[in-house]
Amino acid sequence: MNEFVDTAVRGPQAFALARQTIDAMEAANVWPTPLNYELWLHYIQNPDSPLAQEMRRLLEIDTPFTDTVAEMLATEFLPRSRLSEEIRDAGAVLNRELAAVATAIDKAREVQVQYAETLADAKDRFDETDPLSPLSELITNLSKATRRIQRHTIVLERRLESSHTEVSKLRSHLEQVRRDAMTDALTNLANRKAFDEKLEALCAEHDEHDGHLSLAIIDIDMFKRFNDTWGHQTGDQVLRYVASAISRISQHPRIAARYGGEEFAVAFPGEEADTVETALNAMRVDIASRALRRRSTNDDLGIVTISAGVAHRHKHESPLQLMERADAALYVSKRAGRNRITSAQNILAETAA
């Protein structure tokens with residue numbers, strides 16, 4: 001908890017705040033799990049916080065407050081969850097340092113071998129010309145000393161080899177942890193944190209090199225109905241189904257992510273508007289072409305459809321502004337009957353006309 005909330009739950013109004021929180025959760029049909037309670041406590045006590053604003057947005061669009069949604073909100077906004085991101089970032093720094101150490105170990109061993117070979121070659125040459133000269137004797141003594149050092153460092157080299165292996169294993173593990181921290185566990189797409197970072201980088205690159213950059217916000221139509229009718233496990237099945245269709249059109253350099261609840265985002269760098277909208281419409285048709293069945297009972301779930309809004313970025317437009325235009329286009333798709341793609345540019349053209 002942040003300091004603001006932590007003080008409130010230890011003050012004279014603590015029990016009143018607790019009752020208010022529970023009442024608000026009950027009114028929204030949210031189970032009072034420990035994580036849900038913590039999130040709603042922040043929501044009630046600090047209504048202007050980024051967490052409260054995001055929760056309010058989800059409630060306004062009737063997003064079911066599932067365990068998955070709660071975990072996503074906690075990861076994004078709660079201090080204890082942000083700690084894992086800090087650990088991940090620290091791990092990335094450690095990964096770079098370990099890579100440098102491994103390189104240094106390899107270089108040191110290479111230099112030692114080269115030195116020993118050079119010294120041995122010099123001794124052979126002097127032995128061929130004048131084996132009794134003082135310089136030849138000096139080189140002979142240096143060669144003997146080098147061999148003694150090599151014998152004494154055999155154990156060290158073996159330890160260094162073992163350390164090199166362990167460093168490589170640790171680097172692989174840290175890389176896996178980093179990937180896991182940037183991936184949505186349910187859909188295996190990138191999570192919101194990863195997508196925000198990538199979108200910011202893409203916008204910076206777009207400003208530098210011009211070209212094209214588009215952003216699509218995709219939402220599953222009537223998703224609350226699936227959860228209310230069939231339960232959250234079936235809802236998760238629907239999320240994975242839509243995510244698989246999105247992943248099929250999101251090969252590199254496109255970037256796809258689960259952005260929140262039943263909402264997804266896809267970035268299209270370097271592609272013209274017509275190409276982007278064609279790909280999105282093909283995906284929309286593909287998703288709606290199959291009738292889903294519940295895995296556990298084989299019940300007919302009907303057809304799933306998606307709506308999307310797409311915005312083609314203007315130069316020097318911030319990621320937030322681009323996101324807002326795509327989100328506004330998505331809202332138009334929803335109002336127009338769902339199961340459609342709306343371009344922010346088309347909205348402007350119709351407004352101007």
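**Helix H11, strand S3 and the salt bridges around them**

User: In helix H11, Val276, Ala279, Leu280, Met283, Arg284 and Ile287 are buried; how wide is the arc that they cover around the axis?

Analyst: In this predicted model, the six buried residues named in H11 lie on the same side of the helix, because the arc that they cover is a restricted one. On the other side of H11, by contrast, Asp274 and Thr278 are exposed. The arc around the axis of H11 that holds the buried residues is only 135°.

User: What covers the buried residues of H11?

Analyst: Helix H11 runs from residue 273 to 288, and its span of 23 Å from the first C-alpha to the last is close to the 22 Å expected. Its buried residues are covered by elements from other parts of the chain, including both a helix and several strands. Among these elements are helix H10 and the strands S1, S3, S6 and S7.

User: Strand S3 also has buried residues on each of its two sides; how many of its residues are buried?

Analyst: In a regular strand the side chains alternate between the two faces of the sheet. In S3, Glu263, Ala265, Ala267 and Pro269 are buried on one side, while Phe264, Val266 and Phe268 are buried on the other, so that both faces are covered. The number of buried residues in S3 is therefore seven of seven.

User: Which residue of S3 is the bridge partner of Ala216?

Analyst: Strands S1 and S3 run antiparallel and are joined by seven bridges, while S2 pairs with S3 in the antiparallel sense over five bridges. The residue of S3 that stands opposite Ala256 is Val266. In S3, the bridge partner of Ala216 is likewise Val266.

User: Which residue takes a positive phi in the hairpin of S2 and S3?

Analyst: The hairpin is formed by S2, which covers residues 255-260, and by S3, with two residues between the strands. In this hairpin, the residue with a positive phi near 60° is Gly261.

User: How far apart in sequence are the parts that the salt bridge of Glu263 and Arg57 ties together?

Analyst: The closest N and O atoms of Glu263 and Arg57 are 3.6 Å apart, and the two residues form a salt bridge. Glu263 lies in strand S3 and Arg57 in helix H4, so the pair ties together two separate parts of the chain. Glu263 is buried, at 6% relative accessible area, whereas Arg57, at 23%, is partly exposed. The separation in sequence between the parts that this pair ties together is 206 residues.

User: Is Lys334, the salt-bridge partner of Asp219, buried or exposed?

Analyst: Asp219 and Lys334 form a salt bridge whose closest N and O atoms are 2.7 Å apart. This pair links distant parts of the chain, with Asp219 in strand S1 and Lys334 in helix H12, 115 residues apart. Asp219 is buried, with a relative accessibility of 7%. Because the limit is under 20%, Lys334, at 19% relative accessibility, also counts as buried.

User: Where do Lys193 and Glu197 lie, whose side chains meet in a salt bridge?

Analyst: The N to O distance in this salt bridge is 3.5 Å. Lys193 is partly exposed at 26% relative accessibility, and Glu197 is partly exposed at 37%. Four residues apart, about one turn of the helix, Lys193 and Glu197 both lie in helix H8.

Technical notes
Residues numbered from 1 in each chain as written. Predicted model: local features only at pLDDT ≥ 70, side-chain atom pairs only at ≥ 80, totals over all residues. Heavy atoms only, no water. Expected span 1.5 Å × (residues − 1). Arc of directions from axis to C-beta. Buried < 20%, exposed > 50% of the residue type's maximum accessible area, 1.4 Å probe, protein only. Contact = heavy atoms within 4.5 Å. Pairing = 2+ DSSP bridges. Salt bridge = Lys/Arg side-chain N within 4 Å of Asp/Glu carboxyl O.
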